[in-house]
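Visitor: I am new to this structure and would be grateful for a close look at a single part of it. Please take one aromatic side chain as the point of departure and proceed from there to the other side-chain pairs and to the first helix.

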Amino acid sequence: MLNPMVMTRLADLLRQGVVMKKVFQPYEAHLQYLLQWMTDYNLYGCGYIDCRKVKFRTPVPLYEEMDSLSHLWHERSIPDELVNR
């Protein structure tokens, strides 16, 4: 599904037999989208995700405004090409 907002509606239509006049039993349609995504990739809560390539969303924390200077990710430590603008 490209749009998780329509998952419940599509599952209902499949169960009602609206599609091809045949009743279908959707697999894992009861799961919320995020939980289904985690299940598909064999992830679990508080687990690590190893990524080859990452991007940071703005706003990136400013170095001068950091409470703890031991924080790893701030505007001085993230290369500009890794920030989505």
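Guide: W73 counts as partly exposed, because its relative accessibility is 44%. The model under discussion is a predicted one. By the rule applied to ring centres, the count of aromatic pairs comes to 2. One of them joins W37 and Y41, whose ring centres are 5.3 Å apart and whose planes make an angle of 45°, an arrangement classed as tilted. W37 is partly exposed, its relative accessible area being 35%, whereas Y41, with a relative accessible area of 55%, is exposed. W73 itself belongs to an aromatic pair with F56, which is likewise described as tilted, with 5.2 Å from centre to centre and 45° between the planes. F56 lies in strand 1, while W73 lies in the loop between strand 1 and strand 2; the pair therefore ties together parts that are 17 residues apart in sequence.

The loop that holds W73 also takes part in a contact between charged side chains, that of R76 and E64. In general, side chains of opposite charge can pair when their charged atoms come close. The structure holds 3 salt bridges. In one of these, the side chains of R76 and E64 meet at 2.8 Å, N to O. Both R76 and E64 lie in the loop between strand 1 (56–57) and strand 2 (83–84), so this pair ties together parts that are 12 residues apart in sequence. R76 counts as exposed at 55% relative accessibility, and E64 counts as exposed at 55% relative accessibility.

Another salt bridge is formed by the side chains of R85 and D80, with a distance of 2.4 Å from N to O. R85 is exposed, having a relative accessible area of 73%. D80, with a relative accessible area of 52%, is exposed.

The remaining charged pair leads to the first helix. R15 forms a salt bridge with D12, and the closest N and O atoms are 3.0 Å apart. The two residues stand 3 residues apart in helix 1 (residues 7–16), which means that about one helical turn separates them. R15 counts as partly exposed at 37% relative accessibility. D12 is partly exposed, with a relative accessible area of 28%.

Which residues of helix 1 are buried? They are M7, A11 and L14. Seen down the axis of helix 1, these buried residues fall within an arc of 60°, so they line one face of the helix. The buried residues of helix 1 pack against helix 2 (33–40). On the other side of helix 1, T8, R9 and Q16 are exposed. After helix 1 comes G17, whose phi is positive, near 85°.

To return to the point of departure, W73 is partly exposed and forms its tilted pair with F56. W73 lies in the loop between strand 1 and strand 2, where R76 and E64 are also found. In helix 1, by contrast, the salt bridge of R15 and D12 joins residues separated by about one helical turn, and M7, A11 and L14 are buried.

Technical notes:
Residues are numbered from 1 along each chain as its sequence is written. This is a predicted model: local features need pLDDT of at least 70, side-chain atom pairs count only at pLDDT 80 or more; totals for chains, interfaces and linings use all residues. Side-chain values use heavy atoms; hydrogens and water are left out. A salt bridge is a side-chain nitrogen of Lys or Arg within 4 Å of a carboxyl oxygen of Asp or Glu. Helices (H or I, at least four residues) and strands (E, at least two) are DSSP runs, numbered from the N terminus. Buried means under 20% relative accessible area, exposed over 50%, partly exposed in between (1.4 Å probe, protein chains only). Rings of Phe, Tyr and Trp (its six-membered ring) pair if their centres lie within 6.5 Å; planes under 30 degrees apart count as stacked, over 60 as edge-to-face and the rest as tilted. The arc is that of the directions from the helix axis to the C-beta atoms. Contact means heavy atoms within 4.5 Å.
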